[in-house]
Amino acid sequence: MIPKPAQYLLRCDDLCPTASRPRWQRFLSLIEEFKIQPILAVVPDNRDPDLRLSPPDPEFWERTREMESAGATIALHGYRHLAQSRGSSLVPLHGMTEFAGVAGETQRLWIHAGLAILRGHGLNPRIWVAPRHGFDLHTLRALREEGIDVLSDGFARVPFHRGGLTWIPQQLWEPVEKPHGLWTICVHPNTAKDSSVDRLREFLRDHAAQFTSVERVLTEMRATRLSPAERVYEALTLGRVQARAMRKRLLGRLRKTRAA
Ligand SMILES: [Zn+2]
């Protein structure tokens, strides 16, 4: 059997009414031009000063509702987007996160409140996107109890089933051509450089037809437990991503010391 060519998902993180509107507009134009059905990771009750970049946009919720109607999938992106907990995550990429390590009842309250806020704005949150990849077994249980059974994270090349949820992997932070598998490209509209937007446009010119949606992934690709080979691939990729993040942090520190 010849494996199918790669499929891609676009995920846009850190959306909220005070996210930078002009910076978000750069991606909105691409999403419209290429008719992409992205994952929109929305922070329900943002308290993170890094995401207070514009005065609150009175059209934010309405525009997000329209995008959902056009096929975007709404993701619950944490609760307040604060990273105050030092707990170990199921996808350990950051020391401090919002959810990993927080008591189970608190996590359930936050998830419940976050979903209620998004639903109160007429959105239908379908999946979970953890801020800074921070989530643990308590998070998975709280999500299940609140009726969310899909998340976007992990480094396999196919959707899989773990901890009672379907995991749609997210492995890329910029477009990369891949021969097979399902690849989620996560972008941060608030901080992305113009050159990254240009790269994404180039990629979409060649590959727009290979972009899928969460809805299609869930109906077309049956998630099962990961095969041993895929688990090895997942572990190796996690190691590579951790090493890259460490190198970046060290270089940043070195530059600061040199500048001082
Ligand atoms: Zn975030």
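Mentor: In this predicted model, the centres of domain 1 and domain 2, taken over C-alpha atoms, are separated by 21 Å. Domain 1 covers residues 7-225 and domain 2 covers residues 227-260.

Trainee: How many residues does each domain bring to the contact?

Mentor: Domain 1 supplies seven residues and domain 2 supplies eight residues. On the side of domain 1 that touches domain 2, four residues are nonpolar, two are polar and one is charged.

Trainee: How should one read the packing of two helices? At what angle do α1 and α5 pack?

Mentor: One begins with the angle and then looks at the residues that meet. Helix α1 (residues 21-33) packs with α5 at an angle of about 5°, and their axes are 11 Å apart. Angles under 35 degrees count as roughly parallel, and α1 and α5 are therefore roughly parallel to each other.

Trainee: Which residues of α1 and α5 meet?

Mentor: Arg26, Phe27 and Leu30 of α1 meet Val197, Leu200, Arg201 and Leu204 of α5. By class, the residues of this contact are five nonpolar, no polar and two charged.

Trainee: Let us turn to a single residue. Is Phe211 buried or exposed?

Mentor: A residue is buried if 20 or more other C-beta atoms lie within 10 Å of its own. Phe211 counts as buried because it has 20 C-beta neighbours inside 10 Å. Phe211 lies in the loop between α5 (194-207) and α6 (214-220).

Trainee: Which residues does Phe211 touch, not counting those up to four places away in sequence?

Mentor: Phe211 touches Tyr8, Leu9, Leu10 and Ile36. In addition, the C-alpha atoms of Phe211 and Phe34 are separated by 9.5 Å, although these residues are 177 apart along the chain.

Trainee: Which residues touch the most other members of the largest nonpolar core?

Mentor: That core has 54 residues, and Leu40, Val42 and Ala75 touch the most other members. Strand β1 (residues 7-15) gives the most to this core, with five residues. Leaving aside neighbours within four places in sequence, Ala75 is in contact with residues including Ile39, Pro125, Trp128 and Ser152.

Trainee: What does the sign of phi tell the reader, and what is the phi of Arg132?

Mentor: Most residues other than glycine have a negative phi. Arg132 has a positive phi of about 55° although it is not a glycine. His133, also a residue other than glycine, has a positive phi near 55°.

Trainee: Where are Arg132 and His133 found?

Mentor: Arg132 is found in the loop between β4 (127-128) and α4 (137-145), and His133 is found in the loop between β4 and α4. Arg132 is partly exposed, with 18 other C-beta atoms within 10 Å. His133 counts as partly exposed, with 19 C-beta neighbours inside 10 Å.

Terms used: Residues are numbered from 1 along each chain as its sequence is written. This is a predicted model: local features need pLDDT of at least 70, side-chain atom pairs count only at pLDDT 80 or more; totals for chains, interfaces and linings use all residues. Domain bounds come from an automatic or database domain assignment. Two residues are in contact if their C-beta atoms, placed from the backbone, lie within 7 Å. Ala, Val, Leu, Ile, Met, Phe, Trp, Tyr, Cys and Pro count as nonpolar, Asp, Glu, Lys and Arg as charged, and the others, Gly among them, as polar. Helices (H or I, at least four residues) and strands (E, at least two) are DSSP runs, numbered from the N terminus. A residue is buried if 20 or more other C-beta atoms lie within 10 Å of its own, exposed if 12 or fewer, and partly exposed in between; C-beta atoms are placed from the backbone. Axes are lines fitted to C-alpha atoms, for helices over the stretch in contact, and angles run from 0 to 180 degrees between N-to-C directions. Angles under 35 degrees count as roughly parallel, over 145 as roughly antiparallel, 65 to 115 as roughly perpendicular and the rest as oblique. A nonpolar core is a set of buried Ala, Val, Leu, Ile, Met, Phe, Trp, Tyr and Cys residues joined through C-beta atoms within 7 Å.
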